[in-house]
Amino acid sequence: MCEFVTDDVSYQRFAPTFITYMQSAGCSLPERGFCRLSMEELEKAALALLKPNRIAHVRGCRDTAVMLAKHWGANEEDAARAALLHDVTKALSTEGQLTLPMEYGMILDDFSKQYPKTLHALTGSLVAKHVFEENDAVVQAIRYHTTGRANMTLLEKIIYVADYMEPNRDFPGVEKLRELAFSDLDQALHLGLKMTLEILLEQGSEVSPGSREALAWLETKGTI
């Protein structure tokens, strides 16, 4: 069992689906919530909610995001916190992915209902906001780390790219992506989005509206 204690009581912010998720991961409910955790406490809490085979990825994403934040002048602490939490609901069941947003008053669009595997970005952002009480920059970076969107912030770009290129990733094109990430972040983001689009089309899957909007935005803003 794992236990995390902070100095604030906020159980009303714990959606029932998240409480069940915690318990299934072997975590007892914390005595005083998860908000305002130190970086060390946040890492312990976030990793405890992951399947063992995802821990190396999340740590790699955290380290990469911090390096990119330092290189591009973004907030390094926000980058680390967003990366640690970006997959915090990855192991949530399909039913849980569909239910948790409704418990926080959200109505899902048709794409999300049809492709619930993309929902861990939304559910993770909701948990980051309501359970861990992270700031808006961190929450939004988690929200768009799988699809992207138009008008992405610097931190959102960093988390998207870090997730794609962290050291445990191994696929054709990843070295090019790593090179671009430190020379032209928009180009790296564009490459990641294009690769995702090509894979989805090969699989016969639909591309998310957010990804299409992100690509169109990048291709019209004059940096690609």
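Student: How much surface does the chain expose, and what share of it do carbon and sulfur atoms supply?
Tutor: This is a predicted model, in which local features need pLDDT of at least 70, side-chain atom pairs count only at pLDDT 80 or more, and totals for chains, interfaces and linings use all residues. Residues are numbered from 1 along each chain as its sequence is written, and side-chain values use heavy atoms, without hydrogens and water. By the Shrake-Rupley method with a 1.4 Å probe, the chain exposes about 10600 Å², and the share from carbon and sulfur atoms is 51%.

Student: What percentage of the 224 residues counts as buried?
Tutor: A residue is buried at under 20% relative accessible area, exposed at over 50%, and partly exposed in between (1.4 Å probe, protein chains only). Of the 224 residues, the buried share is 51%.

Student: Which pattern does the chain follow along the sequence?
Tutor: Helices (H or I, at least four residues) and strands (E, at least two) are DSSP runs, numbered from the N terminus. The chain has twelve helices and zero strands. Its pattern is therefore written with helices alone: α-α-α-α-α-α-α-α-α-α-α-α.

Student: Where is arginine 36, a residue with positive phi that is not a glycine?
Tutor: Arginine 36 has a phi of about 55°. With a relative accessible area of 55%, arginine 36 is exposed. Its place is the loop between helix 1 (16-24) and helix 2 (39-48).

Student: Is glutamate 133 buried or partly exposed?
Tutor: Glutamate 133 lies in the loop between helix 7 (120-130) and helix 8 (136-143). Because its relative accessibility is 30%, glutamate 133 counts as partly exposed.
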